[in-house]
Structures are given as C-alpha cells and as structure tokens.
Amino acid sequence: MDLNELILFDNLCATYTPGQTVTGRVVIGIDSPKKIRGIKLVFKGEADTYFSQWKKCINVNGRLISKTQKLTGHEKYFEASSYLIESALGKELVLKPGIHEYKFSFRLPHNLPSSVELAYGHIRYTTTAIIERPWKSDQEFKTFFTVVSDFGLNLHQNGLVSVQTEAKWDLSRFCCISRPLSINISVPTRVYVPGQTISIKVNVENESGKWVDAVKLILQKVITYSATTPRKDRKIMKEKIVGVSAGPIGDKQIISYEQKLVVPPLLASNLQNGGIIHFEYELTVEACIQGGTTHTFEEGTPIYISTVPFSDDQKPQPPTSKVQEFMQQPSAPEEHLLNSQQNIQPICRLR
C-alpha cells in the first residue's frame with residue numbers, strides 16, 4: 001500500500017518570527033483504503049549541544065590520567081500537539097483512496113531564539129504529522145521550519161552608547177624598560193544591522209622600538225555551548241567573520257585614522273533568548289609586529305547585530321564609565337601627524 005505524505009506551509013519560505021502564526025496543510029495520498037485511529041500534528045522547538053572535553057581521573061592503577069568525555073545538553077522551548085482527525089471512542093477510521101488535505105494553524109510562542117546549525121549544536125523547529133494505526137506502528141513524517149528572532153536594537157539600551165577601548169602591549173625584553181604599543185579604537189554605537197557600516201576611529205602610539213606591519217580590526221562571532229549531562233560544562237568557540245587592516249606604522253609614530261567595516265549577512269545576536277547555545281559578536285584588535293609576531297587583544301568590544309535598526313530618535317550616547325577612558329590627542333606637532341598618516345596603506349579586507 002503506497003502512502004505519500006506532505007506538510008506544506010502557506011509561507012513558501014517556511015520562515016517565521018516569534019509570536020507569528022504558522023499555517024499550512026497536511027496532504028496525504030493513498031491508493032487503497034487505510035484504517036487509522038487518527039492523524040496528529042506535533043510542533044516542537046528545541047536545542048541540543050554535543051562536544052567533548054578533557055577530564056582528569058584516576059585509573060585502576062591509581063594513576064592520574066586525562067581522557068575525553070562526551071558532554072550533551074538539551075533544552076525544549078515548546079511542544080504542542082493536536083489532532084487533525086480523530087476517531088470517537090477509540091473506534092477505527094477508514095481513509096478512502098485518494099488525496100486528503102487537512103489545514104492547520106499554530107501560534108509560535110514569543111521570546112524564541114533563531115534557528116541555527118552549528119558545529120557543536122543546533123536550534124531546530126519541527127512539524128511532525130503522525131498517522132496512528134491500530135495494531136501497527138505509527139507512521140511519521142517530519143519537516144523543518146525556520147524561526148528568525150528579531151533582536152530589536154530598541155530593546156537593548158546598553159548598545160546605544162558609543163564605546164572606546166584601549167589595547168596595550170609592552171614589547172620590551174627587559175623588566176626595567178617600558179616600550180608600549182597602544183591602540184585605541186572608538187565606535188559611535190554597538191548596534192548594527194547587516195549591510196550597515198561600522199565607522200572605527202583608530203589612534204596608534206608606537207613606542208615599542210619596532211615597526212608594526214599592520215593593525216587589524218576584526219569582527220568575530222563568539223559561540224558558547226553549554227552542557228548538562230553527565231556534568232555541567234561550557235565550550236567557547238571564536239570565529240573570525242570579516243576585518244580590515246592598515247599599516248605599516250613606524251617606531252615613535254603617533255597616528256590617527258578612520259576605517260570602515262561593512263557588516264555582512266549575519267544572524268541576530270542571541271543574548272536574551274539563548275539558553276544552552278549563546279552567540280554574540282565582538283570587535284577585536286590585532287597588531288602584526290615586524291618579524292612575524294602577532295598580538296591579539298583578548299577583551300573584544302561587544303557588537304550587537306539585529307534585523308531591525310534602532311529608532312531615529314535614539315541617538316548614540318557618550319561612553320559609559322565601564323569603558324576604558326580614551327587616550328588624549330597626541331602631543332606631537334600637526335606636521336608630524338600628517339606625515340605619519342601618509343604611511344597608512346589603503347584598507348584591505350582580510351581573507
């Protein structure tokens with residue numbers, strides 16, 4: 001007996017936002033009569049994580065050893081079911097040969113994270129049609145739909161302030177001598193949507209005694225996976241997305257310039273609704289020193305990505321006290337600054 005089953009969404013892209021109503025129909029085609037007890041539709045939203053970590057333990061000989069341990073996490077956002085057709089008092093129903101269509105409608109909960117498939121986890125939303133059969137195993141058909149969470153910038157006031165950060169390294173080989181390299185960056189706001197340009201003001205003070213081949217500004221994604229079984233643990237992964245660079249910068253030079261970084265298509269920051277999968281973005285600074293050494297500033301500047309721009313009446317505010325104070329303008333003569341800035345090469349994108 002041939003049976004064909006389809007779940008068709010009225011939204012051809014099968015993409016929805018939290019709180020939106022999912023509508024569609026279940027289409028079943030059979031070539032001969034079929035006895036059933038009912039047809040149930042199940043909507044589910046859930047997340048899973050899976051990764052391995054090193055764990056120290058004592059073996060049978062009493063020696064301390066390290067071995068890998070598989071960790072997992074599971075989180076359910078919702079699960080709802082309803083019958084499209086159901087027999088009364090447990091009696092059997094008979095589906096006649098032909099095409100049968102059943103419409104459905106389901107309203108998604110609010111505050112859902114976006115669908116995502118990652119290296120060590122995923123957030124998925126599914127619709128499953130189950131044909132319950134008497135004295136036989138049930139037949140199931142599952143399909144996926146996508147949820148795009150609207151991380152509105154208007155809801156995250158902390159992102160509407162300008163931010164200034166200093167990255168500083170001491171490149172001296174001797175403890176009694178200080179040879180600092182200071183890179184200060186300033187952005188007008190932390191919140192952006194894909195396609196917008198981040199204007200980054202950069203000030204470099206190179207007293208390190210070495211040439212700086214390039215100063216790189218990199219937008220990267222930070223993903224945190226959380227596990228609960230057999231124990232609680234986390235795995236943090238950083239992924240470079242896009243960046244710009246400038247240089248070289250000679251020793252004893254003080255240079256100020258501005259760079260533009262266009263935000264590529266990205267998922268919105270998952271800060272409010274994420275549980276076991278949490279992803280955000282940050283702007284980091286790297287200094288490539290002549291000779292092949294690269295220094296990375298570990299404390300990146302948080303950048304919030306959204307699908308909706310902030311309101312026009314919400315202007316970027318002055319920096320908060322939590323952000324490191326921006327350095328004063330260089331005291332070098334204006335003529336020296338002009339000559340130094342001419343050494344900055346055109347912006348090039350990282351590959």
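This report walks through the nonpolar core, one open sheet and the aromatic pairs of a predicted model.

## The nonpolar core

A good place to start is the largest nonpolar core, which contains 71 residues. Within this core, the residues with the most contacts are L108, F145, W169, L181, I183, I200 and V285. As general background, nonpolar side chains in soluble globular proteins tend to be buried together.

W169 is worth selecting in your viewer. Setting aside neighbours within four places in sequence, W169 touches R179, P180, L181, I183, V285, A287, H295, T296 and F297. Three of these partners, L181, I183 and V285, are also listed with W169 among the core residues with the most contacts.

## An open four-stranded sheet

Next comes an open sheet whose four strands follow the order β12-β13-β15-β18, with antiparallel pairing. β12 (163-170) and β18 (254-262) each have a single partner strand and stand at the edges, so one side of each is left without a neighbour in the sheet. From one strand to the next, the twist averages 20°.

Look now at the pairing of β15 (residues 197-206) with β18: the two run antiparallel and are joined by nine bridges. I200 has Q259 in β18 as its bridge partner, and I200 is also one of the core residues with the most contacts.

## Aromatic pairs

If you enjoy ring geometry, there is plenty to look at, with 12 aromatic pairs in the structure. Y77 and Y125 make a stacked pair, with 6.4 Å from centre to centre and 25° between the planes. This pair links distant parts of the chain: Y77 belongs to strand β6 (residues 64-86) and Y125 to strand β10 (residues 121-132), 48 residues apart. Y125 is buried, with a relative accessible area of 0%.

F78 and F106 form a tilted pair, at 5.7 Å centre to centre and 35° between the planes. Here too distant parts of the chain are linked, F78 lying in strand β6 and F106 in strand β8 (residues 98-107), 28 residues apart. Both F78 and F106 are buried.

## A ring cluster and a charge over a ring

Which residues do ring pairs link into a cluster? The members are F9, Y16, F43, Y77, F78, F104, F106, Y125 and F145. F145 also appears among the residues with the most contacts inside the largest nonpolar core.

One more ring deserves a look: K235 lies over the face of Y120, at 5.0 Å from the ring centre.

How values were computed
Residues numbered from 1 in each chain as written. Predicted model: local features only at pLDDT ≥ 70, side-chain atom pairs only at ≥ 80, totals over all residues. Heavy atoms only, no water. Core = buried A, V, L, I, M, F, W, Y, C linked by side-chain atoms within 4.5 Å. Buried < 20%, exposed > 50% of the residue type's maximum accessible area, 1.4 Å probe, protein only. Contact = heavy atoms within 4.5 Å. Pairing = 2+ DSSP bridges. Axes fitted to C-alpha atoms, helices over the stretch in contact; angles between N-to-C directions. Phe/Tyr/Trp six-rings, centres within 6.5 Å; stacked < 30°, edge-to-face > 60°. Lys NZ or Arg CZ within 6 Å of the ring centre and 35° of its normal.
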